[in-house]
Structure formats: C-alpha cells, structure tokens
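Dear colleague,

Please find below the structure I am handing over to you, with its sequence. My notes on what was found in it follow directly after.

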Amino acid sequence: MNQFRFDSVNHEYFLNNIQLPGVTSILKSAGIINTQFYTVAGRDRGTLIHESCEHLDRYEIDLNDLDEEIRTFVQAYKNFKEDTGFAPTMIESPIYHSKLMYAGCLDRVGILNGKNVLIDLKSGVSPKWASLQLIAYKMACEDMFPSLFNEQNLLSRLVLQLKSTGSYKLVEFSSDDDERDWAVFKSACSVNAWKTTMRVK
C-alpha cells in the first residue's frame, strides 16, 4: 500500500519516501505562474487568511479576535457559507495523483446546492491559471477516491474570491473545459519532469 505524507513545515510531499512535485511548483516551472509581483507580505497575509478560514470551519472562533487586515476576508468566507449553506467535507487536504506522481493541498471539497464541489480560496482576483490548479486537484481526487468522485458524482471546479469588503465572488469553471485544462496541466508536468532531469544531469 502506498504511504503518502505531507511535510507541512517545508511544504513537501512524499509517496513511499519519493518526493513529489507540488501542483503550484509544476505550474511555476512551466512558466504558467508568474511570481514577479509576489511579495512576502502578500504571501503571509494569504497564509493567515487560509488558516483563519480553516479555524472557522473546524472550530468556533470570534472574528473580532482577528487583525483587521485579515478579519474582513474571513468574514467574506463566513458570509459565503451562511448565504449558500456550503458544507465542507475536506479541508486543507493533501492529495496526490498516483500515475502522474504529483501532489497538492486542496482548500475545500464540499456540498454546494446538493452537488460536490472543489473550491479554491483566493484573497483577490482569480488568476487565469486557477483552472489548471483546480483540474490537477480534481483529477487527483478522482484518482485517490474513485468511489466518491466519478461520472455519476461529478466534482465541479470553483474559485471563491474573498474581498476586503467582506463580500465574495464565486467563479465556476465549465466541465466542458476539463479535458482541455487537463491536457495543459499534463504538458506542464512533462515540462517540469524534463527540467528536473536536466538539473540532475
């Protein structure tokens, strides 16, 4: 049986002691994600927002205990849950694809309007590459849990944009684009594998 583990400190994934590339690192390696304008402050804020939303899902928390810079984004997530009745079944869950040998940590899987959905939380505008990130997570979920996610029980891909105003925007990617996006991500995996091989040599 495969032994999969996630090192949350170093954000590294291992399958039977073999390190797997992460979804985001694959997209960066292929030149799809541009980190030119990323900042340490922005990264840290995003991490805190994700952690606070996770605490909101798992425990009772008082939003007034959060810093103002974080609170409004978490309020947006709370508003989304209250408005839609979204019920998460997987929260910040590490997953992997056994055939393409990549891994990632999805934000949420849950039930929305009676359907299975895969949601990625963004504290800002949804980037164009989010569809590729989500198809990678979707296919890994189907690979790991074929009895849960299949043609009779489809997993829809959505981005939840959390705004500093406390409002939110839900962006859904069409299932008609699944095949195209999956083909692009598999190509990115090939590029990353080639670059890794070249670095080793």
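A residue is said to line a pocket when it has an atom within 4 Å of one of the grid points that make up the pocket. Please bear in mind throughout that this is a predicted model.

**The second largest pocket**

With that meaning of lining, the second largest pocket is lined by Leu112, Asn113, Lys115, Val117, Ser156, Leu158, Leu170 and Glu172. Its volume is about 150 Å³. Three strands, β6, β7 (155-162) and β8 (168-173), each contribute at least two residues to this lining. Sorted by class, the lining holds four nonpolar, two polar and two charged residues.

**The largest pocket**

The volume of the largest pocket is about 1400 Å³. It is lined by 39 residues, of which Thr24, Arg43, Thr47, His50 and Lys122 are the closest to its centre. At least two lining residues come from each of the strands β2 (12-15), β3 (18-20), β5 (102-112) and β6 (115-122), and likewise from each of the helices α1 (23-29), α2 (40-58) and α4 (130-144). Helix α2 provides the largest share of this lining, with nine residues. By class, the lining of the largest pocket consists of 15 nonpolar, 14 polar and ten charged residues.

**The sheet**

Five strands form an open sheet in the order β4-β5-β6-β7-β8, and their pairing is mixed. Because β4 and β8 stand at the edges with a single partner strand each, one side of each is left without a neighbour in the sheet. On average, neighbouring strands of this sheet are turned by 35° against each other, with direction ignored. As a general point, strands of a sheet pair through backbone hydrogen bonds, in either a parallel or an antiparallel manner. Here, the pairing of β5 with β6 is antiparallel and runs over five bridges. Val109 is placed opposite Leu118 of β6.

**Helix α4**

Does the end-to-end distance of α4 agree or disagree with the span expected of it? At 1.5 Å a residue, its 15 residues should span 21 Å, and its end C-alpha atoms are indeed 21 Å apart, so the two values agree. The helix is mostly covered, with eleven of its 15 residues buried. The buried residues of α4 are Ala130, Ser131, Leu132, Gln133, Leu134, Ile135, Ala136, Tyr137, Lys138, Ala140 and Cys141.

**Individual residues**

Leu20 belongs to strand β3. Is Leu20 buried or exposed? Its relative accessible area is 4%, and since buried means under 20%, Leu20 counts as buried. The C-alpha atoms of Leu20 and Tyr102 are separated by 5.2 Å, although the two residues are 82 residues apart along the chain.

Two residues that are not glycines have a positive phi. For His11, the value is about 55°, and this residue is found in the loop between β1 (4-7) and β2. For Glu92, the value is about 45°; Glu92 lies in strand β4 (residues 87-97), which is one of the strands at the edges of the sheet.

With kind regards

Methods. Residues are numbered from 1 along each chain as its sequence is written. This is a predicted model: local features need pLDDT of at least 70, side-chain atom pairs count only at pLDDT 80 or more; totals for chains, interfaces and linings use all residues. Side-chain values use heavy atoms; hydrogens and water are left out. On a 1 Å grid over the protein atoms alone, a cavity is a set of points where a 1.4 Å probe fits but cannot get out, and a pocket is an open set with protein on both sides within 12 Å along at least five of seven lines; lining residues have an atom within 4 Å of a point. Grid points are joined across faces, edges and corners, and a volume is the space filled by probe spheres set on the points. Helices (H or I, at least four residues) and strands (E, at least two) are DSSP runs, numbered from the N terminus. Ala, Val, Leu, Ile, Met, Phe, Trp, Tyr, Cys and Pro count as nonpolar, Asp, Glu, Lys and Arg as charged, and the others, Gly among them, as polar. The expected span of a helix is 1.5 Å times one less than its number of residues. Buried means under 20% relative accessible area, exposed over 50%, partly exposed in between (1.4 Å probe, protein chains only). Two strands pair if DSSP finds at least two bridges between them. Axes are lines fitted to C-alpha atoms, for helices over the stretch in contact, and angles run from 0 to 180 degrees between N-to-C directions.
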